Amino acid sequence: MSLIWRTALISLAFLSEAAWGEAVQFSREILPILSDRCFHCHGPDEGDRKAGLRLDQEGSVRELIASGELKHRLTTSDPEEQMPPPDSHRDPLSEEELSLVERWISEGAPWGKHWAFEKSVRPPVPEGDHPIDAFVIERLRKEGQSLSPMAESYTLRRRLSFDLIGLPPAKMDLDSSWDDVVEGLLESPHHGERLAMWWLDAARYADTDGYQADAERSNWPWRDWVVDAFNANMPFDQFTVEQFAGDLLPDASPEQILATCFHRNHMTNGEGGRLPEESRIDYVIDRVNTMGTVWLGLTLGCTQCHSHKFDPISHQDYYSLFAFFDSIDEDGKAGGGAKPYLKYQSPKAKLALDEMEALVASCKAADAEAKAAAEQRFEDWLPKKRAGLSKDYEAWALVNPAALVSAEGSEFVPDADGSVGVVGPNPVQDDYRITVGLPERLTRLTGWKLDVLPIDGGNLSRGVSGEFVLTNVKLLLRKRGQSQVRDLEMVSAVASSEKGAKGRNYGNVKDVLNDDPRNGWTTVEREARQTAVFALAEPLDVKPDEELIVVLYHRSTEGDANIGRFRLWMTDQAGEPVRSLDEAPMEALSSVEGDPSERLRDRLFQQYLVDDHSYQRAKARHAQARKQRDQAKKATGDLNVMVLSERKEPRQTHILERGVWDAKGVVVNRAFLPAVLPWQSEDESPSRLDLAQWLISSENPLTARVVVNHLWQMIFGAGLVRTPEDFGLQGSQPTHPELLDWLAVEFVESGWNVRHMLRLMVTSKTYQQSSVVFEAALEEDPKNLLLGRANRYRLPAWMIRDAALQVSGLLHPVLGGPPVKPYQPEGVWAEMFMGRFSYKPSIGPAQYRRTLYAYWRRTAAPTFLFDSAQRRVCEVGIRRTNTPLHALTLLNDITMLEASRVLAESVTSIQELAVPVLGRALTDQESVVLEREYARAHKVYEQDSESA
């Protein structure tokens, strides 16, 4: 027996003379079996091909069909002969599959392409009023089933509104015709926002670069371009061309160039030690893979390292596509160096600035009013405070350590003056951990002070240089006897002396507040005490059973700079005492006879204001408004938007062996995928514009099918192909292949009219079915593949947030403009970025914008979006979750709490809540339950005013 027969995987069946009715379809019924059972070892990938046998080619298969080995291979129980082999981790053919292959062979084994690579041809429409319904009903009829009844009117209006604009109905209009309601929603400016949410996930859009640096970028005008394009119902072929090659169009407008930002939305890597050319290769790979997912529905990424194991796409094909993007005028840098850029002024930014100017004016007046009210309170407070002040009052209380621990073995010697000397071993680096209690005379903790004291010879450290380097400090709180600690936030640090430094160098005392050991505090002074004062973000009430831990980190890269003697102090005074080394205002007041001077009185008032919560809220809001105004003003200027632009000298493109960025193989030229659509460009070297034209050619079998499937998924909750990212041999078969082809042809012949396709879908009876599931239907079709009912699924998290804003009346519906920052948990970025970035929620109207405009940091996506794409790479599938954490988060989410409060204030009864929230009146049973729970809650809070 030859080697080829001993090793070949033969997943075919026997010849049969029986008649079987309808002819077997090779592309939809036989090829998937070959792909699943055979192609891994006998497919397109030459690297894994066994025995030189290819079962993806007609000639090889026909030889095997004629072979006398066929029957033996499929029926033998000998593991050495059986195909698929037992160790292949692939199931043998089922009886049904064997029967199917037997029929195919009996019909002459006609060959063909994978269904998705065959050109779409408009099939005849079965009898029916609506083409979609005709195909669906015919399929249901074959299975002995029918469409479900139509859903209730209010359910349909609500479903339609969410699907077309991503919001619940502003008012429940049950009088207008269905067609009129559909047209109204398609013409709504919010329609473009809803479609943009789909496209931004596919485009991996975000407001930062990603990776460790995660620098901010200003690509948001492209996001607005997408919204405008959808609202204008831009034909999808034009939409494609401008995003692929807007810069190559004759007399390209700034907006057409702006459109090419689609292919610059990838992450950029600016990490230290990263080679820019390696990053540039990654960016080109990302563009190829994104194109493959969004337009072709192919897993092109599988061919980055080798030929595809299942689909007819070679390693060379991949790099021929790669070549279209290889000559972008970029060098792999990130942040401000991520050229090419378009200088662009957004027309949407002015409105945001006008809003911020109005907010600043309002907050300024509120700030002044709050300050005047606080001054009245201060006049009453000062005499009382002075009366209780001792003559020898000191703002700072000396701390006596209860325990001292070194991470590296240093030893500590406490002195009578409260200082602590460090002796014994002198490690290169060390952490001092000092456990203390709050000094008895203090009522709270607002800040602490560190004295670095000279040792022998006037040195401030134990090192050879005599200079200390403090890289980081921590202040921790814990219950006595327990190990769990809470990290207390510090917001400022000042020092008696510091060595000026820029970037990652040692000198500035403020740098001890981040966790980066490459910077920190050191001084130029020697032989004198050096002092640093640290202010807490919020005053801390320390309970009797709690203790504090001060940690001093000496982790400089050079080392040998550990502090030799130190002393700690703490204070309960807020304001100036913890932000300055000057004498505290209260200390100055205690030594004054008679009335304090105007200057001292003003210092006392400023300190009083720090503890006046009413004023501080107004002041903080005013400061935040000014900051937002400044950001909005910056957004009105020239923005650097990342776009495409060709180099003057094209790069030579190589196949990259194993996909490794510097393993250059043979040179390849720009070319299209021959298995999808052979295409001969008029130019010897086709351009990105030619690539776009190839994608939208009416002859291309993939693009229209893939995009229509995206739209179907958006409207029906799942695509006709349930794997929208994979139309290849390993992807799902279409549930309704003729319907998919009909829609694809309709899409092209309608002029690539997206709105026309959505209108077709939502005006069908298939769309308008009830989602009520009966037991029999659930058993027969649990995944609703036959479309015999409307799908049931949760709203995505972004819709839940937008809906809450809409029904409460909080939604600020303006379109476009710079990103905004919705509420997120406090400190959401703190741990990840070591103090480099902090998240401050927007105030004013910006807080209530749609989620589409939410600021998106790649390394920390918005926490309220449990089910969203991560926007790091292209995603076209729908993520859904039923995690209870989502509900728990919403119960504690400030947006939800504010929306609930505002909605409650706008109604006079529980029944009034129902229509905006549910789109209908409450049932009697629902009313009983809600009235009961309201009475219970009212009773609880009536007895607990503080909680209320």
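On helix H9, Asp180 and Glu187 are exposed, on the other side from the buried residues Trp178, Val181, Val182, Leu185 and Leu186. Here buried means under 20% relative accessible area, exposed means over 50%, and partly exposed is in between, with a 1.4 Å probe and protein chains only. This is a predicted model, in which local features need pLDDT of at least 70 and side-chain atom pairs count only at pLDDT 80 or more, while totals for chains, interfaces and linings use all residues. Residues are numbered from 1 along each chain as its sequence is written, and side-chain values use heavy atoms, leaving out hydrogens and water.

**Helix H9 and its partners**

- Helix H9 spans residues 178–187; helices here are DSSP runs of H or I with at least four residues, strands are runs of E with at least two, and both are numbered from the N terminus.
- Seen down the axis of H9, the buried residues fall within an arc of 130°, so they line one face of the helix; the arc is that of the directions from the helix axis to the C-beta atoms.
- As helpful background, an α-helix has 3.6 residues a turn, so residues three or four places apart point the same way.
- The buried residues of H9 pack against helix H8 (153–165), helix H10 (189–202) and H23, where contact means heavy atoms within 4.5 Å.

**The whole protein**

- The protein has 30 helices and 18 strands.
- Its C-alpha atoms fill a box of roughly 115 × 70 × 65 Å, taken along the principal axes.
- Of the 948 residues in the protein, 53% are buried.
- Looking at contacts between residues at least 6 apart in sequence, 73% join residues at least 24 apart.
- About 43,600 Å² of the protein is exposed, and carbon and sulfur atoms supply 50% of that area; accessible areas come from the Shrake-Rupley method with a 1.4 Å probe, and for residues only the protein chains shown count as cover.
- The protein has 108 positive and 142 negative charges, and their mean positions are 4 Å apart. Lys and Arg count as positive and Asp and Glu as negative, without His or the chain ends, and each charge is placed at NZ of Lys, CZ of Arg, CG of Asp or CD of Glu.

**Salt bridges**

- A salt bridge is a side-chain nitrogen of Lys or Arg within 4 Å of a carboxyl oxygen of Asp or Glu, and by this rule the count comes to 52.
- Asp209 and Arg217 meet through their side chains in a salt bridge, at 2.9 Å from N to O. Asp209 counts as buried because its relative accessibility is 3%, and Arg217 counts as buried at 7%.
- Asp451 pairs with Arg567 in a salt bridge whose closest N and O atoms are 3.4 Å apart. This pair links distant parts of the chain, with Asp451 in strand S7 (residues 445–452) and Arg567 in strand S15 (residues 565–571), 116 residues apart. Asp451 is buried at 2% relative accessibility, and Arg567 is buried with a relative accessible area of 11%.
- Glu926 forms a salt bridge with Arg920, with 3.0 Å between the closest N and O atoms. Glu926 is partly exposed, because its relative accessible area is 27%.
- Salt bridges that share partners also join Glu193, Arg801, Asp802 and Arg850 into one network.

**A loop residue that meets a distant stretch**

- Gly751 sits in the loop between helix H22 (737–749) and helix H23 (754–762), and counts as partly exposed at 34% relative accessibility.
- Although Gly751 and Phe236 are 515 residues apart along the chain, their C-alpha atoms are separated by 8.0 Å.
- Leaving aside neighbours within four places in sequence, Gly751 is in contact with Pro235 and Asp237.

**Backbone points to check on screen**

- The peptide bond from Lys339 to Pro340 is cis, with omega near 0°. Pro340 lies in the loop between helix H15 (315–325) and strand S1 (341–344).
- Ala109 has a positive phi, near 50°, in a residue other than glycine. Ala109 is found in the loop between helix H6 (95–106) and helix H7 (131–142), and it counts as buried at 3% relative accessibility.
- Asp214 also has a positive phi, of about 50°, although it is not a glycine. Asp214 lies in the loop between H10 and helix H11 (220–231), and counts as buried at 0% relative accessibility.
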